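Biologist: I am new to this structure and should like to be guided through it. May we proceed by question and answer?

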Amino acid sequence: MRFFVSALFFLVIFSYADAFDPLDPNGNITIKWDIMSWTPDGYVAVVTLNNFQMYRHIMSPGWTLGWTWARREVIWSAVGAQATEQGDCSRFKGNIPHCCKRNPTFVDLLPSVPYNQQFTNCCKGGVLGAWGQDPSAAVSAFQLSVGSAGTSNRTVKLPRNFTLLGPGPGHTCGRARVVPPTIFLTPDRRRKTQALMTWNVTCTYSQILARKYPSCCVSLSSFYNDTVVPCPPCTCGCQTKDNCVKSDSKILSMVGVNTPKKDNKPLLQCTRHMCPVRVHWHVQRNYKDYWRVKVSITNFNYRMNYTLWTLVVQHPNLNNVTQVFSFDYKPLVPYESINDTGMFYGLKFFNDQLMEAGPFGNVQSEMLLRKDKNTFTLKEGWAFPHKVYFNGDECQLPPPDAYPFLPNSAYQNLLSFSTFISSFIFFLIAIW
């Protein structure tokens with residue numbers, strides 16, 4: 001069986017009580033609107049989406065951007081993206097605009113479009129990488145020729161009511177605000193040019209707005225207790241319980257069962273928790289100076305492949321990770337500090353796919369962590385994560401009183417036994 005290991009971050013996270021998103025308090029998607037030239041009845045603009053979210057990316061079928069014109073503006077042409085509807089253009093004779101709707105909605109083009117329809121950083125099917133993974137993949141752009149608009153900085157009116165789906169709800173956009181014009185460098189980097197006018201729109205994400213229930217859950221186990229703590233029942237809601245699929249169902253042999261639907265509705269495997277994704281944290285070994293953890297991520301959605309996914313874990317000992325193993329036990333190096341404050345530490349796994357539910361819908365990794373003698377303990381659930389996030393959304397953990405407990409006196413016995421084993425091994429090596 002082959003397992004695909006994706007971009008995986010294990011981080012020490014400091015919470016911000018007053019932040020909109022405690023995981024990524026400064027994360028947002030910024031829409032930048034640069035007017036590059038004036039036309040007889042309007043302007044040519046470049047619209048750029050920058051995903052500054054550290055761990056949350058925009059998956060297929062991609063982003064959808066909308067707004068409301070301030071007056072009766074029209075879009076004569078678009079390069080690198082397209083309006084989903086043309087609208088009523090009956091007032092125009094001869095040359096028909098690309099879109100005449102008062103509230104246009106735009107989507108990215110697919111990678112297969114002809115070259116003459118492409119624009120820089122366009123045509124990714126609306127997929128936007130997370131800034132913390134790959135800043136070069138976290139940008140998307142397209143060009144518009146706008147008519148029936150102002151032809152100077154004083155007469156142009158800013159669009160209103162920006163909306164962003166990524167691909168579902170969750171992002172809330174603020175008002176457009178005029179900012180200093182964007183500065184551009186020529187290819188030889190010897191000359192600077194600038195936009196004629198620039199405005200920005202900031203869109204922030206809320207998991208509460210995105211969905212009523214969590215989208216993932218966490219189960220726990222350990223070597224010192226036979227109990228496996230499962231995800232709580234109906235963690236992600238049980239509305240789809242009647243339509244879920246048993247692992248031996250004949251429907252799985254039907255052609256197209258893994259094909260996503262237009263409404264992106266999942267087809268889930270029947271479970272107690274009914275979550276699309278489960279993260280299992282297993283405390284695997286306890287050595288004299290180290291301890292070992294195995295993390296397994298399982299996809300229960302038959303219609304979703306997760307690409308460029310991220311897993312973020314809050315735990316007090318993750319800054320002491322010494323080695324990480326993929327399924328084939330290839331060691332990987334620590335990921336660099338993600339922000340300027342140095343508070344975030346992480347490890348990055350390569351490859352980028354978590355396949356749909358089934359024999360390949362699982363990835364696994366192991367970590368070896370050095371013990372901090374001042375803080376290390378196996379008591380009171382210390383070895384388990386405080387918070388877990390998959391693709392930027394917080395996963396539901398079991399209640400603290402359900403965590404695998406350490407038997408009485410087991411802590412000292414474990415340490416003594418580990419010390420004895422280590423000493424015995426070194427003794428054997430010495431006499432060998």
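Biologist: How many helices and strands does the protein have?
Modeller: This is a predicted model, and its secondary structure can be counted directly. The protein contains two helices, and its strands number 27.

Biologist: What share of the residues scores a pLDDT of at least 70?
Modeller: Because pLDDT is the predictor's confidence in each residue, the average is a suitable starting point. That average is 83 for the protein. The share of residues scoring at least 70 is 82%.

Biologist: Over which residues does pLDDT stay under 50, with six contacts beyond four places in sequence?
Modeller: Two stretches must be told apart. In residues 328–350 pLDDT stays under 50, and the model has 60 contacts beyond four places in sequence for them. Where pLDDT is low, the predicted coordinates should not be read in detail. The stretch with six such contacts, also with pLDDT under 50, is residues 415–432.

Biologist: What percentage of the residues is buried?
Modeller: The protein has 432 residues, and each counts as buried if its relative accessible area is under 20%. The accessible surface comes to about 22,400 Å², with 54% of it belonging to carbon and sulfur atoms. Buried residues make up 48%.

Biologist: Which residues have the most contacts inside the largest nonpolar core?
Modeller: In soluble globular proteins, nonpolar side chains tend to be buried together. The largest nonpolar core here has 36 residues. At least two of its residues come from each of β14 (216–222), β16, β17 (290–299), β19 (311–314), β25 (362–370) and β26 (387–390). Those with the most contacts inside the core are W281, W291, I297, Y306, W309, L311 and F390.

Biologist: With which residues is F390 in contact, leaving aside its neighbours within four places in sequence?
Modeller: F390 is among the residues with the most contacts inside the largest nonpolar core. Once its neighbours within four places in sequence are set aside, its contacts are C216, V277, I297, Y306, W309, T310, L311, L354 and C395.

Biologist: How many residues does the other core hold?
Modeller: Another core lies apart from the largest one. Among its residues are W63, L65, W67 and W69. This core holds 32 residues.

Biologist: Why is strand β3 described as largely enclosed by the rest of the structure?
Modeller: In a regular strand the side chains alternate between the two faces of the sheet. On one side of β3, T64, G66 and T68 are buried, and on the other L65 and W67 are buried. The strand spans residues 64–68 and is largely enclosed because its buried residues number five of five.

Biologist: To which strand is β3 joined by four bridges?
Modeller: β3 pairs with β6 (residues 105–108) in the antiparallel sense over three bridges, and there L65 stands opposite F106. The strand joined by four bridges also runs antiparallel to β3. In that strand L165 is the bridge partner of T64. It is β8, residues 160–165.

Biologist: How many disulfides does the structure hold, and how far apart are the sulfur atoms of C122 and C123?
Modeller: The structure holds eight disulfides. C122 and C123 are both buried, and their link is left-handed, with -70 degrees about the S-S bond. Their sulfur atoms are 2.2 Å apart.

Biologist: How many residues apart in sequence are the parts tied together by C236 and C275?
Modeller: C236 and C275 are joined by a disulfide, S to S 1.9 Å, which is right-handed because the torsion about its S-S bond is about 90 degrees. Both lie in the loop between β15 (225–229) and β16 (277–286), so the pair ties together parts that are 39 residues apart in sequence.

Biologist: Is C270 buried or partly exposed?
Modeller: C270 forms a disulfide with C244, their sulfur atoms 2.0 Å apart. C244 is buried, with a relative accessible area of 17%. Buried means under 20% relative accessible area. At 28% relative accessibility, C270 is partly exposed.

Biologist: Why does the sulfur of C99 not form a bond with the closest cysteine sulfur?
Modeller: C99 is buried, with a relative accessible area of 1%. A disulfide requires sulfur atoms within 2.5 Å. The closest cysteine sulfur, in C100, is too far for a bond, because its distance from the sulfur of C99 is 6.6 Å.

How values were computed. Residues numbered from 1 in each chain as written. Predicted model: local features only at pLDDT ≥ 70, side-chain atom pairs only at ≥ 80, totals over all residues. Heavy atoms only, no water. Buried < 20%, exposed > 50% of the residue type's maximum accessible area, 1.4 Å probe, protein only. pLDDT = per-residue confidence, 0-100. Contact = heavy atoms within 4.5 Å. Core = buried A, V, L, I, M, F, W, Y, C linked by side-chain atoms within 4.5 Å. Pairing = 2+ DSSP bridges. Areas by Shrake-Rupley, 256 points an atom, 1.4 Å probe, with all protein chains shown as cover.
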